[in-house]
Amino acid sequence: MRSFLTHLECTACGAIYPADRLITVCPACGKVLYARYDLEGASREMTPEALSKRPWDLWRYAELLPVRDHRHALKLGEGGTPLLPAPSLARDFGFDRLLIKEESQNPTGSFKARGLGVAVSRAKELGATAVAIPSAGNAASAMAAYAAKGGLAAYVFMPADTPEVMKAECRAFGARVVLVDGLINDAGKLVREGAAAYGWFDISTLKEPYRAEGKKTMGLELAEQLGWRVPDAIIYPTGGGTGIVGMWKAFAELEAMGLLDGRRPKFVVVQAEHCAPIVRALAEGQRHAELWADAATIAPGMRVPVAIGDYLMLDAVRQSGGTALTVTDAEMMEGVDLAATREGLFLSPEAGAAVVAARTLRARGFLRQEDEVVVFSTGTGLKHTDLIAAEYPVVDPRAPDPLSGILAAD
Ligand SMILES: *Cc1c(COP(=O)(O)O)cnc(C)c1O
Ligand SMILES: [Zn+2]
């Protein structure tokens, strides 16, 4: 297995750059760079037959990943997540078939491990010794884990009100944690300054070319799990948008390799009621999304008021015939409750948002009963237990009849 990476290409101005040195955004125009591959060559080696003999992690797609020397791949068990049928939710919502791509089984409990696993591996391969990230939480803990594995110094900048678990994870992995009185974009400014002053490599969302390559493996894996075809719709809780952008790129590459036809799933962007820059830009027919003022939601991964990859997300939604919608914080928690009680899955609020979005779009008639829909469970509910309010009975085991009244209370 070897990488067929050839060069980098700017998604906005088309400029071409060599792939084998550390680089962030396009030096000419400041927009997003994409990794490009010899897809013809890759198609000869990454065949369904060859894949059938490889281990179930994301490195099985080595031909379409940037890491050149496999010994540089930092492995914590990323990728290879299950695609679970959710028959109870399907019945409740009115679908024949509803699937959940359960990304919370990744290292550090979210799909962020895919992007950061590949990006930190590649940064190390290209000589980085210190990496830095602005993050709403999950990206920071994923980066910190891979930096620890690879022996790189890690600096994370996160909003002060990020869930405590995510701060603790970063500390546990040995990262230097800095809390920011602001949101992820404010944290991003500090990372840029630190990168300039101290030489940290900045791994902000879509501000270097390789996180998207890791995220892309969600699309590769989904197509393979469905027997080399795509579903009718993908519902994705959206922040910085690497998931949307990465999967769109994955399907295009698989088509060029002859592994998929030209059909694309409808891409559905789900955002929070009080942080919905992409939903607004789509509704207004804009190519770029303006900064959302006073962004607020209980879902940290969706509290992203501005995204450098806005135009790439909007292209994917438009070209796929998809849509974008908002859900309220209360609806997200309803989604968490439904997935937990009906399917036995404890999801993060972001994933809860995607679950209720499926119901909303079915009710509106945007999705049909016969549509095969994949909901992305991007992160685990285990980091958000503070959002689940509960009171429990306390019993004295030495009392004469400690369990009397328990069943009655139900
Ligand atoms: C980061 C994150 C998101 C948003 O993902 P993007 O690909 O950056 O849009 C959604 N859910 C969770 C749990 C996240 O951590
Ligand atoms: Zn450019």
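How buried or exposed is valine 356, in terms of relative accessible area? Valine 356 is buried, at a relative accessible area of 0%, where buried means under 20%, exposed over 50% and partly exposed in between, using a 1.4 Å probe and protein chains only. Some notes on the rest follow.

1. **Ground rules.** Keep in mind that this is a predicted model: local features need pLDDT of at least 70, side-chain atom pairs count only at pLDDT 80 or more, and totals for chains, interfaces and linings use all residues. Residues are numbered from 1 along each chain as its sequence is written, chains are lettered from A and ligands numbered from 1 in the order in which they are written, and side-chain values use heavy atoms, with hydrogens and water left out.

2. **Overall make-up.** The protein chain holds 14 helices and 13 strands; these are DSSP runs numbered from the N terminus, with helices being H or I of at least four residues and strands being E of at least two. The radius of gyration is 21 Å against the 22 Å that the globule rule gives for 410 residues, so the chain is as compact as a globular protein of that length. That radius is taken over C-alpha atoms, and the rule is 2.2 Å times the number of residues to the power 0.38. Along the principal axes, the C-alpha trace spans about 75 × 50 × 45 Å.

3. **Packing and surface.** Buried residues make up 57% of the 410 in the protein chain. Taking contacts with a separation of 6 or more, 70% are between residues 24 or more positions apart, a contact being heavy atoms within 4.5 Å. The accessible surface is about 16200 Å², and carbon and sulfur atoms own 51% of it. Those areas come from the Shrake-Rupley method with a 1.4 Å probe; for residues, only the protein chains shown count as cover.

4. **Charges.** I see 44 positive and 50 negative side chains, with the centres of the two sets 6 Å apart. For the bookkeeping, Lys and Arg count as positive, Asp and Glu as negative, while His and the chain ends are not counted. Each charge is placed at NZ of Lys, CZ of Arg, CG of Asp or CD of Glu.

5. **Helix H13 and valine 356.** H13 covers residues 349-363, and its 15 residues reach 21 Å from first to last C-alpha, close to the 21 Å expected at 1.5 Å a residue; the expected span is 1.5 Å times one less than the number of residues. The helix is largely enclosed by the rest of the structure, because 11 of its 15 residues are buried. Among them are Gly352, Ala353, Val355 and Leu361. Valine 356 from the opening question sits in this helix. Leaving out residues up to four places away in sequence, valine 356 touches Val327, Glu331, Met332, Glu334 and Gly335. The C-alpha atoms of valine 356 and valine 375 are 9.8 Å apart, with their positions 19 residues apart along the chain. Just after H13 comes glycine 365, with a positive phi of about 85 degrees.

6. **Helix H9.** Here residues 242-256 should span 21 Å at 1.5 Å a residue, and the end C-alpha atoms are indeed 21 Å apart. With 12 of its 15 residues buried, H9 is also largely enclosed by the rest of the structure. The buried set includes Trp248 and Phe251, and also Lys249 and Glu253. Glycine 258, just after H9, takes a positive phi of about 80 degrees.

7. **Two non-glycine residues with positive phi.** Threonine 108 has a positive phi of about 60 degrees although it is not a glycine. It belongs to the loop between strand S5 (97-102) and helix H4 (112-125), and at 14% relative accessibility threonine 108 counts as buried. Leucine 206, again not a glycine, has a positive phi of about 60 degrees. Its loop runs between strand S9 (201-202) and helix H8 (211-225), and leucine 206 is buried at 2% relative accessibility.

8. **Valine 279.** This residue is in helix H10 (residues 277-283) and counts as buried at 15% relative accessibility. Beyond its neighbours within four places in sequence, valine 279 contacts Gln271, Ala324, Leu325 and Thr326. The C-alpha atoms of valine 279 and leucine 325 are separated by 5.9 Å, although the two are 46 residues apart along the chain.

9. **Aspartate 161.** You'll find aspartate 161 in the loop between strand S7 (153-159) and helix H6 (164-172). With a relative accessible area of 52%, aspartate 161 is exposed. Its C-alpha atom is 8.4 Å from that of leucine 179, 18 residues away along the chain.
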